[in-house]
Amino acid sequence: MSSAHSRSARKVVITCAVTGGIHTPSMSEHLPASPGEIAEAALGAAEAGAAIVHLHTRDPKDGRPSQDPEHFAPILTEVSAHSDAVINITTGGSPHMSVEERMRPATEFRPELASLNMGSMNFGLYPMLDRFKEFAHDWEREHLERSRDLVFKNTFADIERILGIGAENGTRFEFECYDISHLNNLAHFQARGLADGPLFVQSVFGLLGGIGAHPEDLAHMRRTADRLLGDSYEWSILGAGRHQIPLATIGAAQGSHVRVGLEDSLWLGPGELARTNAEQVSRIRTVLEALNLEVATPDEAREILGLKGRDKVGF
């Protein structure tokens with residue numbers, strides 16, 4: 001069982017992933033794309049109660065996902081200057097990028113926290129072509145169509161390399177686990193001493209190619225994590241699309257932390273686009289408070305996850 005279950009304080013860490021690399025600008029006018037928009041979205045999410053802001057960037061010219069450190073730099077400067085939120089830099093980037101490209105920002109900026117997908121997987125985005133028909137940029141349709149024949153690559157060698165960079169820089173990881181096999185992979189690296197606790201396990205539900213989004217899928221992930229990782233992990237829930245708030249609610253009631261944000265879902269409710277990331281943070285915060293759970297501050301999140309502190313980063 002996660003060590004979060006046994007803490008008397010029972011603080012719940014809210015992560016907000018503000019833009020991501022899955023959705024495209026034509027899907028929602030509210031999706032942050034420029035560095036200024038992404039920074040503003042992160043600060044709004046932090047003010048609403050997110051202890052962690054999970055950052056991707058986009059090319060401001062056309063909104064395509066980018067791992068160029070030059071696109072990250074102004075966002076990191078702005079967010080760190082006006083908030084004490086934990087900044088989590090993606091190593092996922094986009095499934096269409098090479099591992100080397102995806103690693104660049106976390107390597108250069110040495111954040112407190114970075115994401116790490118725990119295995120290679122099929123990553124099907126193409127069903128969104130059934131919902132979205134008109135695109136402002138040619139790359140958007142291609143981005144979705146190409147996912148019919150796409151493997152998001154993170155081999156054991158890739159993961160080992162990223163873990164080594166994290167150890168060298170004092171960066172800990174949000175271990176994104178899209179399926180049961182990813183939990184087994186994480187247990188493997190823990191047994192080898194390359195991933196140590198408290199492990200921050202982000203269970204991801206509802207992406208085509210990974211585990212589904214039924215409550216039984218969530219229960220299966222939790223049982224497996226408890227069996228493999230014992231009390232050495234902190235559990236968090238990420239539900240894609242319309243599953244975001246329902247699965248986060250189920251998880252929180254069972255002892256998890258939660259993740260929301262426009263990376264994971266463009267929606268606030270049925271047929272209603274979220275105008276800001278802060279709206280989604282406020283929605284899940286309302287749920288947590290209704291469950292009599294306390295929302296963790298950034299410094300409480302640092303303590304729970306064993307982070308090195310904001311004064312030890314490279315930005």
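**View 1. The largest nonpolar core holds 66 residues.** I14, L55, F175, I284 and L288 have the most contacts inside it. (A nonpolar core here is a set of buried Ala, Val, Leu, Ile, Met, Phe, Trp, Tyr and Cys residues joined through side-chain atoms within 4.5 Å; buried means under 20% relative accessible area, exposed over 50% and partly exposed in between, with a 1.4 Å probe and protein chains only.) Helix α2 (residues 35–48) chips in eight residues, the most of any contributor to this core. Apart from this core lies another one of 22 residues, including F132, L144, V204 and L207.

This is a predicted model, where local features need pLDDT of at least 70, side-chain atom pairs count only at pLDDT 80 or more, and totals for chains, interfaces and linings use all residues. Residues are numbered from 1 along each chain as its sequence is written, and side-chain values use heavy atoms, leaving out hydrogens and water.

**View 2. Around F175.** Leaving aside residues up to four places away in sequence, F175 touches L116, M118, L163, L186, A195, L199, F200, V201 and Q202 (contact means heavy atoms within 4.5 Å).

**View 3. The two sides of helix α6 (residues 156–169).** Buried here are D158, I159, I162, L163, G166 and N169. They sit on the same side of α6, because they cover an arc of only 130° around the axis (taken from the directions from the helix axis to the C-beta atoms). On the other side, A157, A167 and E168 are exposed. The buried residues of α6 pack against α4 (99–109), β7 (113–117), β10 (172–177) and α7 (180–191). Helices (H or I, at least four residues) and strands (E, at least two) are DSSP runs, numbered from the N terminus.

**View 4. Just past the end of α6.** G170, just after α6, takes a positive phi of about 75°.

Notes: The expected span of a helix is 1.5 Å times one less than its number of residues.
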